[in-house]
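Welcome! Let us take a walk through a protein chain together, from its outline to a few of its residues. Have a look at the picture before reading on.

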Amino acid sequence: MRQRKLMIVVVLCCFCLCMVIFFPLQKAFVFTETRAEQPKQHYILLTKDNKFQIRYTHSIHHSDVVEFYQYVEDDRIQMLRMEYEDLAIGMPGYAEENQTLTQRDGKYFLSFDNHKIIDNFTIYIGDLDLELVWIYKGVEYDLKKDLQRGKSYLFEIKRLSLYEQWKGVRLK
C-alpha cells in the first residue's frame with residue numbers, strides 16, 4: 001500500500017515537471033530561420049505591452065523608416081503606421097482606402113485604419129551595412145547583429161515552453 005502511494009506521488013511529480021518544461025506558457029516574438037534543414041529559433045519574451053516597432057535605413061534613400069505594429073487577439077499582427085522622409089522609390093506617396101498620409105516637420109506619416117491582421121511575416125536580414133532594429137518596450141534589438149545576414153526569418157508571435165526557450169536563442 002505504501003509503495004503504491006509513493007509510486008502515484010512520483011508519477012504525479014514527473015507529470016507536473018513535464019508540464020512545466022514542455023507546455024508552452026511564455027508568449028514571445030519568435031524569428032525562425034527559413035530554408036534551413038534544422039531551423040534555429042530566436043526569440044524576445046513578451047510582457048503585457050502589445051506594441052513594437054521596426055526601424056531600418058532605406059537602402060536607396062539612406063533615411064530612416066519606422067514601422068509601428070501591435071499584436072492583437074490570437075497572437076496575430078496588425079500594422080498601425082509608418083514614418084519616413086522620402087517619397088521616391090519603394091515608399092508610398094499617397095494614401096489608399098482606409099489610410100491617411102500626412103506630412104509634418106519633413107516627415108511623412110502613413111496611418112492604417114482597420115488594416116489587415118496577419119498571422120506572420122518574413123523578414124530578410126540584408127547583407128548591407130544599414131540599420132535594422134527591432135524595438136520593444138524601449139529596448140532596441142540589432143537584428144543585423146543578432147540574426148545571420150543574408151537569411152530570411154519567419155516572424156510570428158507564439159507561446160514557447162521552457163524546453164523551446166532552452167533550445168532557442170534569446171535576443172539581447
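Helices and strands here are DSSP runs, with at least four residues for a helix and at least two for a strand, and they are numbered from the N terminus. Counted in this way, the chain has three helices and 13 strands. Please keep in mind that the model is predicted.

**The overall outline**

Start with the whole chain. Along the principal axes, its C-alpha atoms fill a box of roughly 80 × 35 × 25 Å. The radius of gyration is 21 Å, while a compact globule of 172 residues would have one near 16 Å. Among contacts with a separation of 6 or more, 58% join residues that are 24 or more positions apart.

Now for the surface. The accessible surface comes to about 11,200 Å², and carbon and sulfur atoms make up 52% of it. Of the 172 residues, 38% count as buried. As for charge, the chain carries 24 positive and 24 negative side chains, and the centres of these two sets are 13 Å apart.

**The nonpolar core**

In soluble globular proteins, nonpolar side chains tend to be buried together. Which residues have the most contacts inside the largest nonpolar core? They are Phe29, Phe31, Trp134, Leu143 and Phe155, in a core of 30 residues. The elements that each supply two or more residues to this core are β1 (26-33), β3 (51-57), β4 (64-72), β5, β7 (107-112), β9 (120-125), β10 (132-136) and β12 (151-160). Strand β5 gives the most, with four residues.

Phe31 is a good residue to look at in detail. Its place is in strand β1. Phe31 counts as buried because its relative accessibility is 0%, and the cut-off for buried is under 20%. Leaving out residues up to four places away in sequence, Phe31 touches Lys40, Gln41, His42, Ile44, Ile123, Trp134, Leu143, Leu147, Tyr153, Leu154, Phe155 and Leu171. Sequence separation and distance in space can be set side by side here: Phe31 and Val11 are 20 residues apart along the chain, and their C-alpha atoms are separated by 36 Å.

Leu143 appears in that list of partners. Beyond its neighbours within four places in sequence, Leu143 is in contact with Phe31, Ile123, Ile125, Leu132, Trp134 and Leu171.

**Glu83 and Tyr108**

Next, find strand β5, residues 76-84, which holds Glu83. Is Glu83 buried or exposed? Glu83 is buried, because its relative accessible area is 16%. Setting aside neighbours within four places in sequence, Glu83 is in contact with Asp64, Val65, Val66, Phe68, Lys107, Tyr108 and Phe109.

One of those partners, Tyr108, is found in strand β7. Tyr108 touches Met82, Glu83, Tyr84, Glu85, Leu87, Leu101, Thr102 and Gln103, not counting residues up to four places away in sequence. From Tyr108 to Pro92 there are 16 residues in sequence and 9.3 Å in space, C-alpha to C-alpha.

**A lysine in a helix**

Lys144 is in helix α2, residues 143-146. Apart from neighbours within four places in sequence, its contacts are Ile125, Gly126, Leu128, Leu130, Leu132 and Arg149. Lys144 and Gly106 are 38 residues apart in sequence, and their C-alpha atoms are 28 Å apart in space.

Here are the relative accessible areas of some residues, including two loop residues that come next.

| Residue | Relative accessible area | Class |
|---|---|---|
| Tyr108 | 15% | buried |
| Lys144 | 13% | buried |
| Asn98 | 42% | partly exposed |
| Asp105 | 77% | exposed |

**Two loop residues with positive phi**

Most residues other than glycine have a negative phi. Against that background, two residues are worth finding in the picture. Asn98 is found in the loop between β5 and β6 (99-104), and its phi is near 65 degrees, a positive value in a residue other than glycine. Asp105 is found in the loop between β6 and β7. Its phi is also positive, at about 55 degrees, although Asp105 is not a glycine.

Technical notes. Residues numbered from 1 in each chain as written. Predicted model: local features only at pLDDT ≥ 70, side-chain atom pairs only at ≥ 80, totals over all residues. Heavy atoms only, no water. Rg over C-alpha atoms; globule rule 2.2 N^0.38 Å. Buried < 20%, exposed > 50% of the residue type's maximum accessible area, 1.4 Å probe, protein only. Contact = heavy atoms within 4.5 Å. Areas by Shrake-Rupley, 256 points an atom, 1.4 Å probe, with all protein chains shown as cover. Lys, Arg positive; Asp, Glu negative; His and termini not counted. Charge placed at Lys NZ, Arg CZ, Asp CG, Glu CD. Core = buried A, V, L, I, M, F, W, Y, C linked by side-chain atoms within 4.5 Å.
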